[in-house]
Each structure stands twice: as C-alpha cells, then as structure tokens.
Amino acid sequence: EAEARFARKGYAATSVREIADAVDVNPAMVHYYFGSKHDLLRHVMERVLEPLGDALAGMKSAGQASPSDIGRLLAGIGRQHPNLPLLMTREVLLPGGVMQDHFLDSLAPRLGGALPGIFRAEQAAGRLTPEVDPAILALLLMAMTLFPFIVRDVAEPALGIDYGAAGLDALQADALRILERGLTP
C-alpha cells in the first residue's frame with residue numbers, strides 16, 4: 001500500500017497516517033517497524049530493488065545475460081510492481097527526489113549501473129553487436145521495459161494500450177522483438 005500511495009501522490013503528499021489507515025493499523029506501528037517515513041520509503045524501494053540487484057548479479061556470474069534476458073527481468077518487475085517505475089521517477093529520477101542520493105550511493109551500482117559491464121562482457125563474448133554503446137543500451141533497455149508503467153494513465157486512454165495480462169504480454173513481446181532483431185550480431 002505504501003508503494004502505491006508514494007507513487008501516486010508522492011512522498012511529500014503522503015502521510016504515514018494515510019498509509020496506516022489504508023492497511024488498518026495504528027501509525028505508531030508503522031513507525032515502530034520502519035522508523036521514519038523516509039525509512040519506510042527506503043524499505044519500499046529496497047524490497048524490490050535488492051532482489052533485482054541479486055538477479056542481475058546472478059546473470060553476470062553465470063556469464064550470459066542477453067539484453068532480452070534482462071528485458072524480461074525488468075518487464076517482470078514492472079508487472080509485479082507496476083507502481084515502482086512511477087515511484088522511482090518521482091523520488092529518484094526527477095530533480096529534488098528524496099531518494100536520489102540514497103539510490104545513487106547504494107542501489108544504482110548493482111542495478112542500472114551494472115548493466116554496461118554486463119553488456120561489455122556480452123560484446124566480448126560475441127553475443128552482442130559491438131556497434132552499440134553499453135551505457136546507452138542500458139538506458140534504452142530500461143526505457144523500453146519500464147517507461148510504459150510510468151505513462152500508463154496516459155497511454156491507456158490516449159494510445160489504447162491494454163494493461164491487462166494479454167496487453168502486457170504483447171508489450172513485452174514487442175519490446176523483446178525489437179531488442180532481439182536490432183541488437184544481435
């Protein structure tokens with residue numbers, strides 16, 4: 001519930017009381033388990049992003065992590081946590097985001113910051129075209145897989161994008177098709 005509230009209203013406009021009321025607990029319990037509102041936001045983000053970092057590290061150590069594999073992983077995160085990309089946009093990516101420093105210091109090196117190195121290894125192994133810049137590929141891959149969740153409130157009515165299971169399957173399939181046909185050596 002905190003993830004959805006922070007994503008939809010923003011950190012500054014969301015109160016601990018509002019979150020506590022939504023899950024039918026006393027605000028003191030939220031403070032007891034999470035500390036401050038800032039700590040709650042950090043926990044909300046880390047509970048999703050830490051396993052994502054672990055999954056990327058596992059792909060890297062396995063020695064094979066194609067852009068398609070990483071695209072599937074990122075799209076899966078978007079499907080499981082559709083509010084997270086919007087939350088990340090609000091509180092990390094935009095100027096003044098309250099989690100920007102924490103993200104850059106603690107989370108980015110294991111997440112998007114790890115992708116260029118993974119893609120360089122794929123290039124060295126001959127599985128990825130050397131014509132693409134690994135850092136730009138990382139940015140574009142995140143954009144293709146996560147941006148649709150950020151713009152859902154506009155894309156659904158304006159473009160007719162279906163955000164049901166079948167629509168998300170089609171969205172992921174099209175993104176992967178573009179990746180695979182445009183990036184294979």
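Biologist: How many aromatic pairs does a search of the whole structure find?

Modeller: The search turns up 2 aromatic pairs. Keep in mind that this is a predicted model. In one of the pairs, the rings of F6 and Y11 sit 5.8 Å apart, centre to centre, with 35° between their planes.

Biologist: What makes F6 and Y11 a pair, and why is the pair called tilted?

Modeller: Ring centres have to lie within 6.5 Å, and 5.8 Å passes that test. As for the planes, under 30 degrees would be stacked and over 60 would be edge-to-face. The 35° of F6 and Y11 falls in neither range, so the pair is tilted.

Biologist: And why are Y32 and Y33 called edge-to-face?

Modeller: Their planes are at 90°, and anything over 60 counts as edge-to-face. The centres are 5.0 Å apart, which is within the 6.5 Å limit, so they count as a pair too.

Biologist: Are F6 and Y11 buried or exposed?

Modeller: Both F6 and Y11 are buried. Y32 and Y33, on the other hand, are both exposed.

Biologist: How do you know that Y11 belongs in the class you gave it?

Modeller: Its relative accessible area is 15%. The cut-off for buried is under 20%, so Y11 counts as buried. Y11 lies in the loop between α1 and α2. Skipping neighbours within four places in sequence, Y11 contacts F6, K37, H38, L41, E91 and V98.

Biologist: Where does K37 lie relative to the ring of Y11?

Modeller: K37 lies over the face of the Y11 ring, 4.4 Å from the ring centre. The distance limit for a charge over a ring is 6 Å, and 4.4 Å fits inside that.

Biologist: Why are helices α1 and α4 described as roughly perpendicular?

Modeller: The axes of α1 (residues 2–9) and α4 (residues 37–62) cross at roughly 105°. Angles from 65 to 115 degrees count as roughly perpendicular, so α1 and α4 get that label. The two axes also come within 10 Å of each other.

Biologist: Which residues make the contact?

Modeller: From α1 it's A2, E3 and F6, and from α4 it's K37, L40, L41, V44, R47 and V48. Sorted by kind, the contact of α1 with α4 has 6 nonpolar residues, no polar ones and 3 charged.

Biologist: What makes R5 partly exposed?

Modeller: R5 has a relative accessible area of 26%. Buried needs under 20% and exposed needs over 50%, so 26% lands in between. R5 lies in helix α1. Beyond its neighbours within four places in sequence, R5 touches G10, T14, E18, I19 and A22. R5 and E18 are 13 residues apart along the chain, with 8.6 Å between their C-alpha atoms.

Biologist: And H31, why is that one called partly exposed?

Modeller: Same reasoning: 41% sits between the 20% and 50% cut-offs, so H31 is partly exposed. H31 is in helix α3. Leaving out residues up to four places away in sequence, H31 touches V16 and S36.

Biologist: What about S36, where is it and which class does it get?

Modeller: S36 is in the loop between α3 and α4. At 32% it also falls between the two cut-offs, so S36 is partly exposed. S36 and R152 are 116 residues apart in sequence, and their C-alpha atoms are 30 Å apart in space.

Biologist: Why does D24 count as exposed?

Modeller: Exposed means over 50%, and D24 comes out at 70%, so D24 clears that cut-off. D24 lies in the loop between α2 (16–22) and α3 (27–34). There's a backbone detail as well: phi of D24 is near 60°, a positive value in a residue other than glycine.

Biologist: Last one: how do you know that E122 is buried?

Modeller: E122 has 3% relative accessibility, which is under the 20% cut-off, so it counts as buried. E122 is found in helix α8 (residues 115–124). Not counting residues up to four places away in sequence, E122 touches G63, Q64, A65, S66, R127 and L128.

Methods
Residues numbered from 1 in each chain as written. Predicted model: local features only at pLDDT ≥ 70, side-chain atom pairs only at ≥ 80, totals over all residues. Heavy atoms only, no water. Phe/Tyr/Trp six-rings, centres within 6.5 Å; stacked < 30°, edge-to-face > 60°. Buried < 20%, exposed > 50% of the residue type's maximum accessible area, 1.4 Å probe, protein only. Lys NZ or Arg CZ within 6 Å of the ring centre and 35° of its normal. Axes fitted to C-alpha atoms, helices over the stretch in contact; angles between N-to-C directions. Helix = DSSP H or I, 4+ residues; strand = E, 2+ residues; numbered from the N terminus. Parallel < 35°, antiparallel > 145°, perpendicular 65-115°, else oblique. Contact = heavy atoms within 4.5 Å. Nonpolar A, V, L, I, M, F, W, Y, C, P; charged D, E, K, R; others polar.
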